[in-house]
Amino acid sequence: MNLTLKVWRQKSTNAPGHFETYEAKGIIPDMSFLEMLDVVNEDLLAKGQDPIAFDSDCREGICGMCSLVINAVPHAGHRGTATCQLHMRHFNDGETITIEPWRAKAFP
């Protein structure tokens, strides 16, 4: 699968944020969403660019650290599924995916 990612980037809570566009190429449908981000980050690092920062800990759907808003919906709208358990087969080849942090007063 080849995907386009629009990722919210922000250096700090005081810095203005913006979306940056990245290409995710050769993504395997059985990868988790976080594994897909790992592949994109490997490519960014190889190019000398900053990786996409995201929280993850257990990668087993237990801790809740992997909370992301995907296409304007927490966890891409799959109820009872953490982002680390969301598989890329739920997306279509060529799709554009928007990725933002989970925002709340407690997590600015």
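**Exercises on burial, a helix and a pocket**

Ser-32 is buried, with a relative accessible area of 7%. The model used throughout these exercises is predicted.

**Exercise 1.** Determine where Ser-32 is found and which residues it contacts, leaving aside its neighbours within four places in sequence.

*Solution.* Step 1: Locate the residue. Ser-32 is found in the loop between β2 and α1.
Step 2: Apply the cut-off. A residue counts as buried under 20% relative accessible area; Ser-32, at 7%, is therefore buried.
Step 3: List the contacts. With neighbours within four places in sequence left aside, Ser-32 is in contact with Cys-84, Leu-86, His-87 and Met-88.
Step 4: Examine one partner from its own side. On the same basis, Met-88 is in contact with Ser-32 and also with other residues, including Met-1, Leu-3, Phe-33, Met-36 and Ile-97.

**Exercise 2.** Describe the largest nonpolar core and identify the elements that each supply at least two of its residues.

*Solution.* Step 1: Begin with the general tendency. In soluble globular proteins, nonpolar side chains tend to be buried together.
Step 2: Find the best-connected members. The largest nonpolar core has 26 residues, and those touching the most other members are Leu-5, Phe-33, Met-36, Leu-37, Met-88 and Ile-97.
Step 3: Assign the elements. At least two residues of this core come from each of β1 (3–9), β2 (18–24), α1 (33–46), β3 (68–70) and β5 (96–101). The largest share, six residues, is supplied by α1.

**Exercise 3.** Explain on which side of α1 its buried residues lie, and what they pack against.

*Solution.* Step 1: Check the length. α1 has 14 residues and reaches 20 Å from its first C-alpha to its last, close to the 20 Å expected at 1.5 Å a residue.
Step 2: List the buried residues. In α1 these are Phe-33, Leu-34, Met-36, Leu-37, Val-40, Asn-41 and Leu-44.
Step 3: Consider their directions. Because they cover an arc of only 150° around the axis, they lie on the same side of α1. An α-helix has 3.6 residues a turn, so residues three or four places apart point the same way.
Step 4: Compare the two faces. The buried residues pack against β1, β2, β3 and β5, whereas the face turned away carries the exposed residues Glu-42, Leu-45 and Ala-46.
Step 5: Look beyond the helix. Just after α1, Gly-48 takes a positive phi of about 80°.

**Exercise 4.** State the volume of the largest pocket and the residues closest to its centre.

*Solution.* Step 1: The volume is about 920 Å³.
Step 2: Thirty residues line this pocket, and the closest to its centre are Trp-8, Gln-10, Ala-53, Phe-54 and Pro-101.
Step 3: The elements giving two or more residues to the lining are β1, β2 and β5.

Conventions
Residues numbered from 1 in each chain as written. Predicted model: local features only at pLDDT ≥ 70, side-chain atom pairs only at ≥ 80, totals over all residues. Heavy atoms only, no water. Core = buried A, V, L, I, M, F, W, Y, C linked by side-chain atoms within 4.5 Å. Buried < 20%, exposed > 50% of the residue type's maximum accessible area, 1.4 Å probe, protein only. Contact = heavy atoms within 4.5 Å. Expected span 1.5 Å × (residues − 1). Arc of directions from axis to C-beta. 1 Å grid on protein atoms, 1.4 Å probe; cavity = no way out; pocket = protein on both sides within 12 Å on 5 of 7 lines; lining within 4 Å. Points joined across faces, edges and corners; volume = space filled by probe spheres on them.
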